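Colleague: I would like to learn how to read a structure feature by feature, with the general idea before the particular case. Could we work through one together?

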Amino acid sequence: MVDIDGNRLNARLEAFAAIGGTVKGGVNRQALTDGDRQARQLLAELALARGFTVSQDPMANLFIRRAGRNDTLAPVVIGSHLDSQPAGGRFDGALGTLSAFEVLESLEDAGIETERPVVVVSWTNEEGCRFAPGCMGSMAFAAGEIPPDWQGKLATDGASLVDELKATIKSLPPAQMISLGFPIHAYIEVHIEQGPALEANDIPIGVVGGIQGTRWLDVVIRGQTAHAGTTGLAYRRDPLRALTAALSGLYETIMPDDTDARFTVGRISVEPGSVNAIPDVARCTVDMRHPDPMRLDEIEQRVLSSIAKEAKRQGCEAEMSRSFDMASCTFSTDLQAAIEQAAMVRGLKSTPMLSGAFHDALFVNRVAPAAMIFVPCRDGLSHNEAEHVEPDYAVAGCAVLAEATLATSRMTLI
Ligand SMILES: [Zn+2]
């Protein structure tokens with residue numbers, strides 16, 4: 001077992017929460033701002049004081065490396081992000097990054113030599129609120145290049161991504177520059193659940209098996225507008241009637257038939273929008289999610305065909321197009337087993353679960369075996385200044401990360 005220092009971890013969480021801290025107890029430490037730079041500087045200082053190697057890449061991803069017995073092997077990488085939402089919580093991202101750093105310090109304190117090097121990472125701009133999209137650092141790392149269309153990218157406050165990256169990199173002179181992307185043996189990320197399941201069941205550890213896929217549709221049904229009082233049923237071409245008939249069938253089947261499926265219509269409108277006119281256009285968005293890509297395809301097909309069928313029945317025409325498509329990911333089963341085993345060693349209850357939100361692990365998983373450890377957060381609340389993690393849960397996540405890191409450093413992964 002690796003002895004982690006829970007008090008030190010919770011004190012570090014406090015110290016980092018003060019950087020960009022808000023009066024309501026949250027943080028505003030958006031990506032590539034002064035606050036973000038201060039947090040990176042503090043982490044780098046702590047790392048250098050322990051004799052670890054600090055480096056950064058052209059995306060300002062920050063790496064802290066502790067050598068392994070066989071130092072030429074690909075490292076086990078652990079970490080998360082230090083940027084936050086504008087009115088964010090103090091644990092989203094910081095918990096994973098500081099837990100990873102605590103693991104590194106604990107290994108050092110105990111003089112434990114790992115087979116492979118262990119690297120702590122803080123990915124740049126996970127949140128995506130100042131510069132879109134989110135997970136820019138891990139995305140570019142996995143791609144091995146900064147996408148050319150990011151060159152002219154501007155922040156919500158007008159700042160240029162290129163300039164802010166330059167200034168952020170410059171603000172950390174002791175970090176040596178390395179190129180983007182390197183081989184990773186395994187990647188493990190601790191994160192708050194951002195949902196209510198673990199807390200509700202009093203389970204401290206979620207073993208995350210993957211991240212569900214998301215697909216959005218824009219739906220437009222066109223019919224004919226006509227007088228609400230004079231137009232009999234046989235003469236109506238009512239697009240809203242077609243849409244509601246289709247949706248009611250879809251609500252009755254998609255989620256009731258499959259507990260992993262998500263089906264949401266979040267926006268709906270009709271034109272011309274007059275109290276006494278049959279609409280000629282009905283529009284809606286559809287958000288569909290499922291961990292299994294085949295099932296997501298089936299759900300999409302069901303939505304498309306049932307809207308087309310009901311439109312036809314009402315003498316209307318339907319146009320449907322995808323506006324967003326994010327493939328699901330399945331994490332390494334070896335790593336999931338290692339996390340489950342680590343929880344057992346620590347005497348902590350764990351449960352397999354899926355993530356409903358994106359994380360850096362989704363992108364790292366494209367180039368290396370990856371997995372995540374979730375810990376409960378109060379009322380499932382996140383992206384909120386009131387976000388809270390009980391100190392014991394923070395320590396539990398870190399302890400499991402420590403065991404899993406040690407075990408993974410020795411494992412052959414397929
Ligand atoms: Zn996060």
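Colleague: Is glutamate 310 buried or exposed, going by its relative accessibility?

Modeller: Please keep in mind throughout that this is a predicted model. The class follows from a cut-off, since buried means under 20% relative accessible area. Glutamate 310 has 10% relative accessibility and therefore counts as buried. The residue sits in helix H8, which covers residues 293–313.

Colleague: Which residues is glutamate 310 in contact with, once its neighbours within four places in sequence are left aside?

Modeller: Glutamate 310 is then in contact with Ala242, Ala245 and Ala246.

Colleague: Where does leucine 240 lie, and which residues does it touch beyond those up to four places away in sequence?

Modeller: Leucine 240 belongs to helix H7, residues 239–257, and beyond that sequence window it touches Val270, Pro279 and Ala282. With a relative accessible area of 28%, leucine 240 is partly exposed. The separation in sequence can also be set beside the separation in space: leucine 240 and alanine 311 are 71 residues apart along the chain, while their C-alpha atoms are 9.1 Å apart.

Colleague: How many Å apart in space are glycine 134 and leucine 73, C-alpha to C-alpha?

Modeller: That pair is 30 Å apart in space, C-alpha to C-alpha, with their positions 61 residues apart in sequence. Glycine 134 is located in the loop between strand S4 (118–123) and helix H4 (136–143), and its relative accessibility of 23% places it in the partly exposed class. Leaving out residues up to four places away in sequence, glycine 134 touches Asn125, Glu126, Glu127, Gly128 and Met139.

Colleague: How should I read the salt bridges, and how many does the structure hold?

Modeller: Side chains of opposite charge can pair when their charged atoms come close. The structure holds 28 salt bridges. One of them joins arginine 90 and glutamate 14, whose closest N and O atoms are 3.2 Å apart. This pair links distant parts of the chain, 76 residues apart, with arginine 90 in the loop between strand S3 (76–81) and helix H3 (94–110) and glutamate 14 in helix H1 (residues 6–17). Arginine 90 is partly exposed, at a relative accessible area of 23%.

Colleague: Which parts of the chain are tied together by the salt bridge of aspartate 325 and arginine 215?

Modeller: The side chains of aspartate 325 and arginine 215 meet at 3.1 Å, N to O. Because aspartate 325 lies in strand S14 (residues 317–326) and arginine 215 in strand S8 (residues 213–222), the pair ties together parts that are 110 residues apart in sequence. On accessibility, aspartate 325 is partly exposed with a relative accessible area of 39%, whereas arginine 215, at 8%, counts as buried.

Colleague: What are the classes of arginine 283 and glutamate 271 by accessibility?

Modeller: Arginine 283 counts as partly exposed at 32% relative accessibility, and glutamate 271 is partly exposed with a relative accessible area of 31%. These two residues form a salt bridge in which the closest N and O atoms are 2.8 Å apart.

Colleague: Which residues are linked in a network of salt bridges?

Modeller: Arg8, Arg12, Arg50, Glu102, Glu105 and Asp109 are linked in such a network.

Colleague: How is the chain divided into domains, and how far apart are their centres?

Modeller: Domain 1 takes in 6–211 + 328–410, and domain 2 takes in 213–326. Their centres, taken over C-alpha atoms, are separated by 40 Å. The contact draws on 7 residues from domain 1 and 8 residues from domain 2.

Colleague: What area is buried between domain 1 and domain 2?

Modeller: The size of an interface is often given as the accessible area lost when the parts come together. Here about 550 Å² is buried between domain 1 and domain 2, with carbon and sulfur atoms giving 65% of that area. On the side of domain 1, Ser328, Leu354 and Phe358 supply 71% of the area buried against domain 2, more than any other three residues. Across this interface the rule finds 0 salt bridges, and the count of residue pairs in polar contact between the two domains is 1. The residues of domain 1 that touch domain 2 divide into 5 nonpolar, 2 polar and no charged.

Note on methods. Residues numbered from 1 in each chain as written. Predicted model: local features only at pLDDT ≥ 70, side-chain atom pairs only at ≥ 80, totals over all residues. Heavy atoms only, no water. Domains from an automatic or database assignment. Contact = heavy atoms within 4.5 Å. Buried area = accessible area lost by both parts, 1.4 Å probe. Salt bridge = Lys/Arg side-chain N within 4 Å of Asp/Glu carboxyl O. Polar contact = N/O pair within 3.5 Å; in protein donor to acceptor, adjacent residues only side chain to side chain. Nonpolar A, V, L, I, M, F, W, Y, C, P; charged D, E, K, R; others polar. Helix = DSSP H or I, 4+ residues; strand = E, 2+ residues; numbered from the N terminus. Buried < 20%, exposed > 50% of the residue type's maximum accessible area, 1.4 Å probe, protein only.
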